Number of protein chains: 2
Amino acid sequence: MPATIRDVARASGVHISTVSRTFSAPHLVNPETRSRVLACAEHLGYRPNRAARALITGRTHNIGLMVADIANPFFPPLIKAAESQARHRDYHIFVTDTNEDPAVEEELVHALAKQVDGLLLCSPRMSNDLIQQLSREVPLVVVNRHVTGLPSVVMDVGQGARLAIEHLSGLGHRDIALLGGPRGSWTNREIRRAAGNAARAVGATLTVLGPNPPTEDGGLAMAEQVQRSGVTAVLAYNDLMAIGLIERLDSLGVRVPSDISVVGIDDIALSRLTRPKLTTVATPTAAAGRAAVDMLLAHDPSSPRGRSIAGDGRRTTAQVTLQTELVIRDSTGPGPHRPADPGDAAAAAPDGVAS
Amino acid sequence: MPATIRDVARASGVHISTVSRTFSAPHLVNPETRSRVLACAEHLGYRPNRAARALITGRTHNIGLMVADIANPFFPPLIKAAESQARHRDYHIFVTDTNEDPAVEEELVHALAKQVDGLLLCSPRMSNDLIQQLSREVPLVVVNRHVTGLPSVVMDVGQGARLAIEHLSGLGHRDIALLGGPRGSWTNREIRRAAGNAARAVGATLTVLGPNPPTEDGGLAMAEQVQRSGVTAVLAYNDLMAIGLIERLDSLGVRVPSDISVVGIDDIALSRLTRPKLTTVATPTAAAGRAAVDMLLAHDPSSPRGRSIAGDGRRTTAQVTLQTELVIRDSTGPGPHRPADPGDAAAAAPDGVAS
DNA sequence: ATCGCAACTGCAAAGGTTTGCAGCAGAAGT
DNA sequence: ACTTCTGCTGCAAACCTTTGCAGTTGCGAT
């Protein structure tokens, strides 16, 4: 039923190859012929069959984007940015949700491998080994995680966590809890490491609670444990958990920030709308989405199938790190102790390089 | 580089057609042969090329899912439900965001047409005519909208709006504002119609404010106008707008619900977490996602290309309507007037059929 | 007049898979 | 012993497009 290239060829009295060129290499065909072909195509409602095209060119002009949980407001800005960036390069983005499930992730990579030119893995929960192995099947760019040998774009949550701890310390908090995220999350490990170092540097104790599901419920569920732990401040793996935590603390009669200060991470839109407004670490998610698309498409210009040009065997495996910043709102307040130092506490933490 | 069916055939000493059948019609091949083929395939890491398969069978086993705005928390539950339902039927869902832009919608339908077996259009902003026309290119199921001749699944927001108005009236509100949604939204028209009827029935005045973008900002922006309008209650197009509105009203010193009552629609997860918790119309989004997938796949069983079987020319264009219900939380309270009637106000509204 | 060249177009192979048809062996039925 | 059937396998066409190569035409240059 749908018109094929052959129908157009017949209708316009040229060979199918001319029709093909009219679309994929217009400069190679006589303007007069071209317009006639275009008219016929228009009239017949012809659209090139992308499956057939992909079969022979090896390029689909599609990009897959896998996120751990599409219900997490952290992702939509990233997705939208990636989509608009891709659209500019004449690519389409297909989004899929993996339900935070490594098995689903693997299956989806296989399923998508042949239907896309590359895959953006956002916060994957698979093992590094598996990711590396899968990358032989289809070009991969990893977001929110480092995988050696693969291009990746990460946000410097370590720095953000450090800033958060220093902020809390500066407010006079000495007993801080870290509300951990999901097992298998690179970001989670990073936060934990950096927060641990920062706490040590400022002389605070850090209690790690977790792992937990990175959702409101994950935060809700830990409220009582936080209360019992006796800490006066909490750094949460993400804003969603922070919001859930605050909500439940409130039900328990614990006030934020007067009783306990809470800091989130991500700066999702919602964090500006809850009461109290959330102090949080802002991550440049839109920039990450754009950067990931750019990295994926970096080697693309028409290299038909192979791994870029023969000469430069290794794909340049750039690793982009985007800076984060602390946004101070209303969920953090003075703690029980006098601030440690008049000077910026940051000066006391000359540990590792930034990333 | 990736192993093809031919490689497997060579390795296992059979014809490619046998390999093909091993995967797509196992019962037609000798168990012994089959296991040998499977072993070789496994060993070579062979995976059928879906593009090639799609080319000949005409089925991709993919479903496209277009949403107006992926950042709207209304959609993720729908998406997740659709994905899981599709997975059970061995289909994959590709999600795309249209930015509430009809032009993007049209372009995406064209782009996806040949790469999916069908498309789920969620809250499309295109004209009915265009949608009908596009439906000749690829099977379509419309969600959150009625398009004559096309299968659709809608939530009965009209009923929900009526319940909301009756609830407000019952609380003693007589001057109610309707915070309208985006132009082109079927849901918006439906709410407006039903709310108008219900207001008339209970003897309240309904002021329509809009259209507005269906986001927090859309609600924020209208707060002052709401305040000036002198109404004591507001029904918002969706929860996001309601939340934005409440937030800004609060900044303006207007308290919810003591000064103004606010009702949202959708019952997104967030509406349970804001302060005050939002009274809202719950829509069964997950059920909608499942239903949409089912409708799309209803005629599928292996009909290779054509419009179902020859006999029943017309695709059954079922229209599923899902019920909504009012969830009363903390954003609505007593109004300035005595409740109209002791009896349930609903009795006074014997107007049209439910949907 | 001839040649070279540019611009355009047609030919046919290729890409990986599915599937109707035909072939084959062996078993079962007569 | 002959046919019929069953169960399995191979053959080759088909799906729709792209693209290297070769062919045609017309033009300016020699």
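User: In this predicted model, in which loop of chain A does Pro276(A) lie?
Analyst: Two strands of chain A bracket Pro276(A). One of them is strand S10 (279-282), and the other is strand S9 (261-266). Pro276(A) therefore lies in the loop between S9 and S10 of chain A.

User: What is the omega of the peptide bond from Arg275(A) to Pro276(A)?
Analyst: Most peptide bonds are trans. The bond from Arg275(A) to Pro276(A) is cis. Its omega is near -10°.

User: Which loop holds Pro211(A), which follows Gly210(A) through a cis bond?
Analyst: The Gly210(A) to Pro211(A) peptide bond is cis, with omega near 5°. Pro211(A) sits in a loop of chain A, between strand S7 (205-209) and helix H10 (216-221).

User: What is the phi of Ser123(A)?
Analyst: Most residues other than glycine have a negative phi. Ser123(A) is placed in the loop between strand S3 (118-122) and helix H7 (128-134) of chain A. Its phi is positive, although the residue is not glycine. The value is near 50°.

User: What kind of axis relates chain A and chain B?
Analyst: A rotation of 180° superposes chain A on chain B, with an RMSD of 0.2 Å. The shift along the axis is 0.0 Å. That relation is the one given by a two-fold axis.

User: What percentage of the contact residues of chain A recur in chain B?
Analyst: In the contact, 33 residues of chain A meet 34 residues of chain B. The same surface serves both copies. The share of chain A contact residues that recur in chain B is 100%.

User: Which element gives the largest share of the side of chain A that touches chain B?
Analyst: By class, this side has 18 nonpolar, 6 polar and 9 charged residues. Elements giving two or more residues include H4, helix H5 (75-88), strand S2 (92-97) and helix H12 (239-251) of chain A. The largest share, 6 residues, comes from S2(A).

User: Which element gives the most to the surface near DNA strand D?
Analyst: Around DNA strand D there are 24 residues, with Ile5(A), Ser17(A), Ser20(A), Ala52(A) and Thr33(B) coming nearest. Helix H2 (16-24) and helix H4 (50-57), from chain A and from chain B, give two or more residues each. With 6 residues, the element that gives the most is H2(A).

User: Which element supplies the largest share of the surface near DNA strand C?
Analyst: DNA strand C is surrounded by 27 residues, the closest being His15(A), Thr33(A), Ile5(B), Ser17(B) and Ser20(B). Their classes are 14 nonpolar, 11 polar and 2 charged. The largest share is 6 residues, from H2(B).

User: How much of residues 3-57 of chain A is helix?
Analyst: UniProt, in an unreviewed entry, places the feature "domain: HTH lacI-type" on this span. Its end C-alpha atoms lie 21 Å apart. Strand makes up 0% of the span, and helix makes up 71%.

User: How far apart are the C-alpha centres of domain 1 and domain 3 of chain A?
Analyst: The domain assignment gives domain 1 as 5-48 and domain 3 as 157-284 + 325-347. Their C-alpha centres lie apart by 61 Å.

User: How many contacts beyond four places in sequence does the model have for residues 301-314 of chain A?
Analyst: Chain A has a mean pLDDT of 88, and 90% of its residues reach 70 or more. Over residues 301-314, however, pLDDT stays under 50. For that stretch, the number of contacts beyond four places in sequence is 8.

Key:
Residues are numbered from 1 along each chain as its sequence is written. Chains are lettered from A and ligands numbered from 1 in the order in which they are written. This is a predicted model: local features need pLDDT of at least 70, side-chain atom pairs count only at pLDDT 80 or more; totals for chains, interfaces and linings use all residues. Copies are superposed by least squares on the C-alpha atoms of residues with pLDDT of at least 70 in both. Two residues are in contact if their C-beta atoms, placed from the backbone, lie within 7 Å. A residue is near a molecule or strand if its C-beta atom, placed from the backbone, lies within 6 Å of it. Helices (H or I, at least four residues) and strands (E, at least two) are DSSP runs, numbered from the N terminus. Ala, Val, Leu, Ile, Met, Phe, Trp, Tyr, Cys and Pro count as nonpolar, Asp, Glu, Lys and Arg as charged, and the others, Gly among them, as polar. pLDDT is the predictor's confidence in each residue, from 0 to 100. Domain bounds come from an automatic or database domain assignment. UniProt positions are given in the numbering used here, feature names are shortened, and annotations may be inferred rather than shown by experiment.
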